[in-house]
2 protein chains.
Amino acid sequence: MQNQTIVLASRPQGEPSADQFRFETGALPQPAAGQVLLKTRYVSVDPYMRGRMNAGKSYVAPFEVGQPISGGIVAEVVESQHDQLPVGSVVVGNLPWQEYSVSDGAGLTRIPTDKAPISYFLGLLGMPGLTAYFGLLDICQPKAGETVVVSGAAGAVGMVVGQLAKIQGARVIGTAGSDEKVAYLKKLGFDEAINYKTANIAEALAAAAPAGVDCYFDNVGGAITDAVYNNLNKNARIAICGQISMYNATEVPVGPRPEGKLLTTSSLMKGFIVSDYHSRWPEGVARLSEWLAEGKLHAEETITEGFDQIPAAFLGLFKGENTGKAIVKMA
Amino acid sequence: MQNQTIVLASRPQGEPSADQFRFETGALPQPAAGQVLLKTRYVSVDPYMRGRMNAGKSYVAPFEVGQPISGGIVAEVVESQHDQLPVGSVVVGNLPWQEYSVSDGAGLTRIPTDKAPISYFLGLLGMPGLTAYFGLLDICQPKAGETVVVSGAAGAVGMVVGQLAKIQGARVIGTAGSDEKVAYLKKLGFDEAINYKTANIAEALAAAAPAGVDCYFDNVGGAITDAVYNNLNKNARIAICGQISMYNATEVPVGPRPEGKLLTTSSLMKGFIVSDYHSRWPEGVARLSEWLAEGKLHAEETITEGFDQIPAAFLGLFKGENTGKAIVKMA
């Protein structure tokens, strides 16, 4: 039996393409004592991975050229020499883009198979859901009646942020990049949704937030953020979760300076990564699971099939192809 | 007897000039029942007042054209029909730029005359000192051994920030606009001081902060801030107190976007105004007074004399003419 791996072929300059990925075929690995053989079931593709394709220090270590790319994966134990992980166990964790991989279990979390579709542990009940949970509830702290803006609202994180903000009793405005996504957000319960590609974002945001903006959860950056800065209320809170509009920039992005806006409104802005809240992940998963079970949270996935489709699904993130969580299901 | 008043003659476009101020002469006002006649002793000129010269909403109400300018003043009661404020009482508060004024005492604080020079209640023990105290200790929260950068370090707020950061055990880097100010900061105990007008600020800051920047207290904005963004440590804290380099801008200031830097370092940035901490002012004055009495804090004032010198002292703030607190003493 053979095993396919996707390695980083080269580092992108600006927008990445299929050229950055190379498929390699090797022998099926064999687990040693204390190890398991994992069969990949679902592969998560996420915008933050673009940063790992660059060389140099960032908040996650870079991928190495010629080495496997790794990311969030749900996998099943198909051979086991590990006490705690019998055959049939399903785990989630950071694993290489391979059809099969060997692990000693470090960094993997066993997940239930009877609570929710196991792919949800890459989305609503996984990294994106926890990102939404901690960024919104710890940094933005929306109160009932306040106005919350979410950029990238139809993405894996944004769609959870908007729903959590509604649970908190806030008025929620989302931005997204197509009329279909706008319709999806309205269906999901967003009070307002703006197609930033067709609207005049400055005017549309001011119209959608007549009482100003109290909280902003930013996945995108750029012109949407500039529009929010012009509508901040006193003591507004901004969580910087992502800047997908900048990830492929080849020059330092320039824009209106925000410091004066934060100054005159006493507003707070904070960047974060979900690992900042590592010690609180169990709390987050428990709360998200409750709301899911109660029907207060809805999941949405854009699933493509086949190991060979992983690069295309990743590249699609930067073209806005996904609604909700982008996932690749193994055939 | 006559009474001089300075009114706003016109709103500035960009850098203000003497043309914006008009001296008017009127009759000495008479206090009614429940009022006092105040003789102005010291007038505070502060950078934030530039914002009040503009029309339109900001964090403090604008001055009105044709009406007296007002600001921090220490005054003495020279006639009294007020139970709590006998003749000889000294007060601090927001009062019009007049030689004499009448007040019912609302918003005024009586200050001791035997603890410190009464002018200190416009500086170290007043608004600038409290601004330094709350911005540094509440937002930046420096820990022993951390690196703190202060821009406008030789100004009324900055010089207190640097000293408070030293009291907390931090390593302190200040920026200022002349070699004389740099020498003053070194004398005051700053570990490093940079003349941003002659240094390459990006290189100088990186060299002065080899372990990165944990806290940034910003009074200035612009290129100094950009240099700090490039040296942020994980979980850095930035207090936006002022943006004096932008106050006279006639177009929206543009620069490298900071959001990505905050994102990859999980850093926090917060604007504030000292009135956000109004309920804690007594605590702040008490702590600052203690440190002053213990010799751990030093005051510095640039004092000019004469009511007619108030506009020039104010305009001098934007030329960097003051070291420490800029104050006008009545003749």
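Visitor: Which residue is the bridge partner of A:Met269 in β14(B)?

Guide: That's B:Met269. Before we go on: this is a predicted model, where local features need pLDDT of at least 70, side-chain atom pairs count only at pLDDT 80 or more, and totals for chains, interfaces and linings use all residues. Residues are numbered from 1 along each chain as its sequence is written, chains are lettered from A and ligands numbered from 1 in the order in which they are written, and side-chain values use heavy atoms, with hydrogens and water left out.

Visitor: What makes β14(A) and β14 of chain B a pair?

Guide: Strands are DSSP runs of E, at least two residues long, while helices are runs of H or I of at least four, all numbered from the N terminus. Two strands pair if DSSP finds at least two bridges between them. These two, with β14 of chain B covering residues 268-271, have 3 bridges in the antiparallel sense, so they pass.

Visitor: How many residues does each chain bring to the contact?

Guide: Chain A brings 36 residues and chain B brings 36, contact meaning heavy atoms within 4.5 Å. Together the chains bury about 2,700 Å², 59% of it on carbon and sulfur atoms. Buried area is the accessible area (1.4 Å probe) that two parts lose on being put together, summed over both. On the chain A side, A:Arg257, A:Glu259 and A:Leu263 lose the most, together 29% of what that side buries.

Visitor: Why is the meeting of B:Lys234 and A:Asp276 called a salt bridge?

Guide: The term asks for a side-chain nitrogen of Lys or Arg within 4 Å of a carboxyl oxygen of Asp or Glu. Here the N to O distance is 2.9 Å, so the pair qualifies. The rule finds 4 salt bridges across this interface, and 26 over all chains.

Visitor: What makes A:Arg41 and A:Glu76 a salt bridge?

Guide: Their closest N and O atoms are 2.6 Å apart, so the same rule is met. A:Arg41 sits in β3 (residues 36-44) and A:Glu76 in β4 (residues 70-80), 35 residues apart.

Visitor: How do you know that β15(A) and β16(A) pair?

Guide: β15 (residues 301-305) and β16 (residues 325-329) of chain A share 5 bridges in the parallel sense, so the pairing rule is satisfied. Within it, A:Glu301 stands opposite A:Lys325.
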